[in-house]
Amino acid sequence: GSFGPWADPERHARQRVYADPTRLARALEPRLPRSQSRDNRMADWAQAQSWADTLCADPELLPPEGLLVKALEAGLPDGCKLFVGNSIAIRAVDAFARGRQSGLDVYGNRGASGIDGNVSTALGIATDESTASAALIGDLTLYHDMNGLLAARDRDITLIVVNNGGGGIFDLLPQRQMPDFERLWLTPTALDLAKVAALYDLRHAVAEPGPAFQQQLALACASPGPDLIELRIDRPDSSRRFRALWAAASAS
C-alpha cells in the first residue's frame, strides 16, 4: 500500500511483490545462478563498454546528439546543475555520457505526458544561484511550457534547445510508419526561436554540435542572465545514424 498504485496497464502481471526494492534484491541475490565469478562478469561489462566506445568513436555512426553530450560534459562549469528534458534529450545523455572529473548535478522530471512543465522545472532549479544552471530540452518540450520562460528574466540559466523539427523521438519508434506521422506524432512547430528568445528577454545564439558549441556554452554559462542556445540538428541524418549504431551494436 505504501508503494502507490500498481501500474500494469496491459494486465500481463501474474504475480505482484510489494517490497522495498533494496531488501528484495538482497533476498534474491543468493538465489542467482553462480555460473560466472564476479571478476568474469566485470570483465564482460568492461569488454562491452570498450566495444560501445569503439562504435561511438566512428564518425559514420555517432549521431550529432553524441557530440552534443560530449560538449556538455566538457563545457559546463564545475558544480553546474544540469536539467535534462525528456524524449531525445534524456536518452542521449543516458547513451553517450561518459562522466567527468569535475562535479555535475543532473536533474530530470517527467511530466504527466512526459515533456510538459520541463521549462518551469529547470527554472525552479535555477533559483539556487550558488552554482551555474543549464537545461537541455527539445524544441517541442520548449513549446509545451513556453510561458514558463517568463520566469527566466531574473534567472542565470543557459537553455540548450535541440531544434530537430518536432518530436524527433518518434522518428525512432514504430509510429514513423503510421499515416499522418508528421501531423499527429512529429508535430513540428516551425517556431522562430530567435523571436521566442526576444519575447522573453533571453540572449539567443545558434549552434551546431561540435567545438564551436562548446565555446558558446562556456561563454553563456559565464555570462549573467538567461541564454537560449538553439542547437540545430538534422533529424533524418540523426535517425539514420542512431539506427546504424544500433545495428552495429546488435551485430556484435
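Which residue forms a salt bridge with R232? The legends below work towards that pair and its surroundings in this predicted model.

**Figure 1. The strands form an open, parallel sheet.** Welcome to the sheet, whose six strands follow the order β2-β1-β3-β4-β6-β5. Its edges are β2 (104-107) and β5 (203-207), each of which pairs on one side only. From one strand to the next, the twist averages 20 degrees.

**Figure 2. Strand β5 runs parallel to β6.** Here β6 covers residues 227-232, and five bridges join β5 to this strand. Follow V206 across and you arrive at E230, its bridge partner in β6. Helix α9 (residues 211-222) packs on the sheet here, where it touches β4, β5 and β6. The direction of α9 makes about 165 degrees with that of β6.

**Figure 3. E230 is the salt-bridge partner of R232.** This view settles the opening question: the closest N and O atoms of R232 and E230 are 3.0 Å apart. The two residues differ in how they are covered: E230 has a relative accessible area of 3% and is buried, whereas R232, at 46%, is partly exposed. E230 also takes part in the strand pairing, as the bridge partner of V206.

**Figure 4. Helix α5 lies across four strands.** Residues 118-125 make up this helix, and the strands beneath the label are β1 (80-84), β2, β3 (133-138) and β4 (157-163). Relative to β1, α5 runs at about 170 degrees.

**Figure 5. A salt bridge joins D53 and R98.** Their side chains meet with an N to O distance of 2.9 Å. D53 belongs to helix α2 (residues 38-56) and R98 to the loop between α4 (88-96) and β2, so the contact ties together parts that are 45 residues apart in sequence. Both ends are partly exposed: D53 has a relative accessible area of 32%, and R98 comes to 41%.

**Figure 6. Salt bridges link D237, R240 and R241 in a network.** Within this group, R241 and D237 have their closest N and O atoms 3.1 Å apart. The two are four residues apart in helix α10 (residues 235-251), so about one helical turn separates them. R241 is buried at 15% relative accessible area, while D237 is partly exposed at 23%.

**Figure 7. V17, L24 and L28 make a nonpolar surface patch.** The patch measures about 230 Å². L24 sits in helix α1 (residues 21-28) and counts as partly exposed, with 32% relative accessibility.

Key:
Residues are numbered from 1 along each chain as its sequence is written. This is a predicted model: local features need pLDDT of at least 70, side-chain atom pairs count only at pLDDT 80 or more; totals for chains, interfaces and linings use all residues. Side-chain values use heavy atoms; hydrogens and water are left out. Two strands pair if DSSP finds at least two bridges between them. Axes are lines fitted to C-alpha atoms, for helices over the stretch in contact, and angles run from 0 to 180 degrees between N-to-C directions. Contact means heavy atoms within 4.5 Å. Patches are made of residues with over 30% relative accessible area and no salt bridge: like charges are joined within 9 Å, nonpolar side chains (Val, Leu, Ile, Met, Phe, Trp, Tyr) within 5 Å. Accessible areas come from the Shrake-Rupley method with a 1.4 Å probe; for residues, only the protein chains shown count as cover. A salt bridge is a side-chain nitrogen of Lys or Arg within 4 Å of a carboxyl oxygen of Asp or Glu. Buried means under 20% relative accessible area, exposed over 50%, partly exposed in between (1.4 Å probe, protein chains only).
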